[in-house]
Amino acid sequence: MSPAALEWLACFRRYLAAERRLSAHTDVSYARDLAALAKFCDRMGIGDWGSLDAQHVRTFAAHAHAGGLSPRSIQRRLSAVRSFYQFLLRERSVETASGRRAARVSGNPAQDVRAPKSPRRLPQTLDADQMARLLELPAGGGLTARDRALMELLYSSGLRLAELVGLDVGDLDLKDRTVRVLGKGRKSRIVPVGRMALAALRAWLKERTALAAAAELALFVGRNGRRLGPRAIQARVNYWAKRQGLGVHVHPHLFRHSFASHLLESGGELRGVQELLGHADISTTQIYTHLDFQHLARIYDAAHPRARRKA
């Protein structure tokens, strides 16, 4: 690709950061996907973005699939290409370090290109008994109180890991029993906090004063007094799952899956669960109804006289 074409990638990343407000993870993923597209264009002898057509994009996706990339990753890669071309079509020209550049694209070559279908995987969950066992941490203050509070909050409010990491003390309203979280697309929502999580959070806030660095706003801090990072939370969740003898791999997002599944099993309304999870599209929430049906099917198989299997 020509230097002028590569400058458009830098412009697009600045646009993502300033206007789309994507998460850091999505930003890095898009940058990696578009870097792969630029390398593909180099191999194909394509020097500018206007020369890329739909057949090129299909070949790009096919090469990724042949190279072992999963259908979900190819979907994200194509989404990055579509978003990039939407940006090029909208901007038309932009001021770069070497002067004003024109995009010279007439359409979006990725618009109608689809990734290979991926098998629908149901989210893994813990059942209510497993979750209760995990959360029955031994009595203790300090970091044990912190770990109890963060795991209770993950399950109580169905938070994403990034949402938990980003929480400040001011986001928690103990009186109102709610927490304000910043979700995907930097969209804010307020979710309720359950009784057990509130008790754990109150205990942790007493301990936090002795651990947090001066002027540190983060709700959850580490030994150094600074905001606890995602890797540290993953490690602590994994540690307690082993310590409590669960016998399965437990990660922070498993609390969110379990939260949604348990609400629906208990008669929760789908639209309400969508709001609590912060899903933009209800189809994302609907996957948990399949888990709920599996639960009902097991009850039916075990209880119905015409369904019970002979021993």
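**A chat about a three-stranded sheet, a pocket and some residues**

Me: How many bridges join β4 to strand β5?
Reply: Five bridges join β4 to β5 (residues 188–192), and the two strands run antiparallel. Two strands pair if DSSP finds at least two bridges between them. Helices (H or I, at least four residues) and strands (E, at least two) are DSSP runs, numbered from the N terminus.

Me: What kind of model is this?
Reply: This is a predicted model, in which local features need pLDDT of at least 70 and side-chain atom pairs count only at pLDDT 80 or more, while totals for chains, interfaces and linings use all residues. Residues are numbered from 1 along each chain as its sequence is written, and side-chain values use heavy atoms, with hydrogens and water left out.

Me: Back to the strands. Which residue stands opposite L182?
Reply: S188 in β5 stands opposite L182. The hairpin of β4 and β5 has five residues between the strands, and G185 has a positive phi near 70 degrees there.

Me: In what sense do β3 and β4 pair?
Reply: β3 (residues 172–173) and β4 (residues 178–182) are antiparallel, paired over two bridges. D173 is opposite T178 in β4.

Me: What order do the strands have in the open sheet?
Reply: The order is β3-β4-β5, three strands with antiparallel pairing. β3 and β5 are at the edges with a single partner strand each, so each has one side without a neighbour in the sheet.

Me: Where is R177 found?
Reply: R177 is in the loop between β3 and β4, a hairpin with four residues between its strands. R177 is not a glycine, yet its phi is positive, about 60 degrees.

Me: Why would anyone remark on that?
Reply: Because most residues other than glycine have a negative phi.

Me: Is R177 buried or exposed?
Reply: R177 is exposed, at 52% relative accessibility. The cut-offs, for a 1.4 Å probe and protein chains only, are under 20% relative accessible area for buried and over 50% for exposed, with partly exposed in between.

Me: What is the phi of A215?
Reply: A215 has a phi near 70 degrees, again positive in a residue other than glycine. A215 lies in the loop between α8 and α9 (230–243) and is exposed, with a relative accessible area of 76%.

Me: New topic, pockets. What volume does the second largest pocket have?
Reply: The second largest pocket has about 270 Å³. On a 1 Å grid over the protein atoms alone, a pocket is an open set of points where a 1.4 Å probe fits, with protein on both sides within 12 Å along at least five of seven lines; lining residues have an atom within 4 Å of a point. Grid points are joined across faces, edges and corners, and the volume is the space filled by probe spheres set on the points.

Me: Which residues are closest to the centre of the second largest pocket?
Reply: Of the 13 lining residues, the closest to the centre are Y155, S156, G194, F259 and L263.

Me: Which helices each supply at least two residues of that lining?
Reply: α6 (142–157), α8 (195–211) and α10 (252–265) each do so.

Me: How many of α6's 16 residues are buried?
Reply: 15 of the 16 are buried, so α6 is mostly covered. The next residue after α6 is G158, with a positive phi near 65 degrees.

Me: What about S261, where is that found?
Reply: S261 is in helix α10, and S261 is buried at a relative accessible area of 2%. Its C-alpha is 9.9 Å from that of A128, although the two residues are 133 apart in sequence.

Me: And A5, buried or exposed?
Reply: A5 is buried, with a relative accessible area of 4%, and belongs to helix α1 (residues 3–20). Setting aside neighbours within four places in sequence, A5 is in contact (heavy atoms within 4.5 Å) with G47, D48 and W49. Between the C-alpha atoms of A5 and A38, 33 residues apart along the chain, the separation is 9.1 Å.

Me: How many helices and strands are in the chain?
Reply: The chain has twelve helices and five strands. Of its 311 residues, 42% are buried. For contacts between residues at least 6 apart in sequence, 60% join residues at least 24 apart.
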